[in-house]
Amino acid sequence: MRILSLALFALLVLALLPQATAAGPGDIEVKSDLQILDVMDVFGGHITWVIHGEYARELRQAIGEKYGVTTIDLGTASRYFKGDLERVIENNLYGCGYLGFVRVTRADPLHDDTQGILNDEHDVEGLIGDVNSDDPIVIRMLIRGHPVDGRHFVTSENISFAPFYALVSNASEMAKFNLNSAKVSVEHREIIAGLGSFRIPEGTFTLRLIIGEFFMSNGGWVEYHSFDPINSPIVLFVVYIIAIYVLSWFHTALRGEKAGTLMEKKARRFTTAMKIVLLVVYLVLPLSGMYYMIIIGAAVAAGYPVVRKIYGS
């Protein structure tokens, strides 16, 4: 129970960990996450854009030009977010409607809005002010959607440039922003709880957390399987539980009248060590489910003769 509680706590911390917004190594930074509870059909997450320097100024000037203002106030920023940015993402205009394998169907300011006016100006941090400013702009969004098949970029170029696509009427108008030379940095993470699983490139940082799986990436692709009896973290944990039950049963089957003896203590130390090793392999090593099941089977098969020898049977 203690191991399960720690894993649940870790899963919660990873899901609620706030997105950092400090300047990083890019003209445009995109920090995103997906939080998935597939047994309840919940697919949601967050997107944070941090736009620096000349690109921040170009975005402000485009907003000023569209709305006929030289200074952006909260009302104008809200019209841009609610009327332009949400529209381009929810309607998948110019391919801006995907985050990882999730087709975004609902996009809102992180702290929502009241009758079209953002409840918290920090959801458009830095945008309010003179249109000629080049101070950083931070845009925070909450998203919901549904999964789609196939492999997808964890964060596509389209959604990275969504704040700019929101201000054009056709894709050719994007040329005015000179985004071809923009350096884009990506920070993406996903966490899943349920019977599904991820497919991600080798070398991607990942953890299994008993009821779920977590990974983080600076690019690359991701693929989602809604039910995966071989790789589902829950299924693999059930396999682990069966293995530790079998290892414990060895004592009942082999100790006979040697309960409480030094032999029993040695046998229990051996099986306990095997249980810990198998749990560590489950949590930390990104092995495929088939390989993990093979390791489980080999450990259990090798454990029986070792325990039998300890008891002198």
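# A tour of the predicted model

Start by selecting residues 1–24: pLDDT stays under 50 over this stretch, for which the model has 36 contacts beyond four places in sequence. The model is predicted. Over the protein as a whole the average pLDDT is 88, and 91% of the residues score at least 70.

**Strand β1 and its partners**

Next select residues 28–37, which make up strand β1. Is this strand enclosed by the rest of the structure or not? Of its 10 residues, 8 are buried, so β1 is largely enclosed.

Add residues 42–51 to the selection. This is strand β2, which pairs with β1 in the antiparallel sense over 10 bridges. The two strands form a hairpin with 4 residues between them. In the turn, click on Asp41, which has a positive phi of about 60 degrees.

Now bring in residues 184–193, strand β12, which runs parallel to β1 and is joined to it by 10 bridges. Ile36 is a convenient residue to centre on here. Ile36 stands opposite Phe43 in β2, and it also stands opposite Ile192 in β12. In general, strands of a sheet pair through backbone hydrogen bonds, either parallel or antiparallel.

**The nonpolar cores**

Select Trp49, Tyr80 and Leu85 and show their side chains. Which residues of the largest nonpolar core touch the most other members? Those three do, in a core of 54 residues. Elements that each supply at least two residues of this core include β1, β2, β5 (102–109) and β16, along with the helices α2 (53–67), α3 (74–90) and α5 (162–165). Nonpolar side chains tend to be buried together in soluble globular proteins.

Stay on Trp49 and display its surroundings. Leaving out residues up to four places away in sequence, Trp49 touches Glu29 and Val30, Leu85 and Ile89, and a run made up of Ile137, Val138 and Ile139, among others. Its contacts also include Met141, Ile159, Ser160, Ala162 and Pro163.

Then move to Leu247, Leu278, Tyr282 and Tyr292. These belong to a second, separate core of 22 residues.

**Arg140 in strand β10**

Select residues 137–147, strand β10, and pick out Arg140 within it. Is Arg140 buried or exposed? Its relative accessible area is 14%, so Arg140 counts as buried. Show Glu125 as well: a polar contact of 3.1 Å joins the side chains of Arg140 and Glu125.

**The three-stranded sheet**

Finish with the open sheet of 3 strands, whose order is β11-β16-β13 and whose pairing is antiparallel. Select 151–153 for β11 and 197–199 for β13; each stands at an edge with a single partner strand, so one side of each is left without a neighbour in the sheet. Looking across the sheet, neighbouring strands are turned by 35 degrees against each other on average, direction ignored.

Residues 221–225 form β16, which pairs with β13 in the antiparallel sense over 3 bridges. Along this pairing, Phe198 stands opposite Tyr224, and Arg199 stands opposite Glu223. On the β11 side, β16 again pairs in the antiparallel sense over 3 bridges. There, select His152 and its bridge partner in β16, Val222.

Notes
Residues numbered from 1 in each chain as written. Predicted model: local features only at pLDDT ≥ 70, side-chain atom pairs only at ≥ 80, totals over all residues. Heavy atoms only, no water. Pairing = 2+ DSSP bridges. Axes fitted to C-alpha atoms, helices over the stretch in contact; angles between N-to-C directions. pLDDT = per-residue confidence, 0-100. Contact = heavy atoms within 4.5 Å. Buried < 20%, exposed > 50% of the residue type's maximum accessible area, 1.4 Å probe, protein only. Polar contact = N/O pair within 3.5 Å; in protein donor to acceptor, adjacent residues only side chain to side chain. Core = buried A, V, L, I, M, F, W, Y, C linked by side-chain atoms within 4.5 Å.
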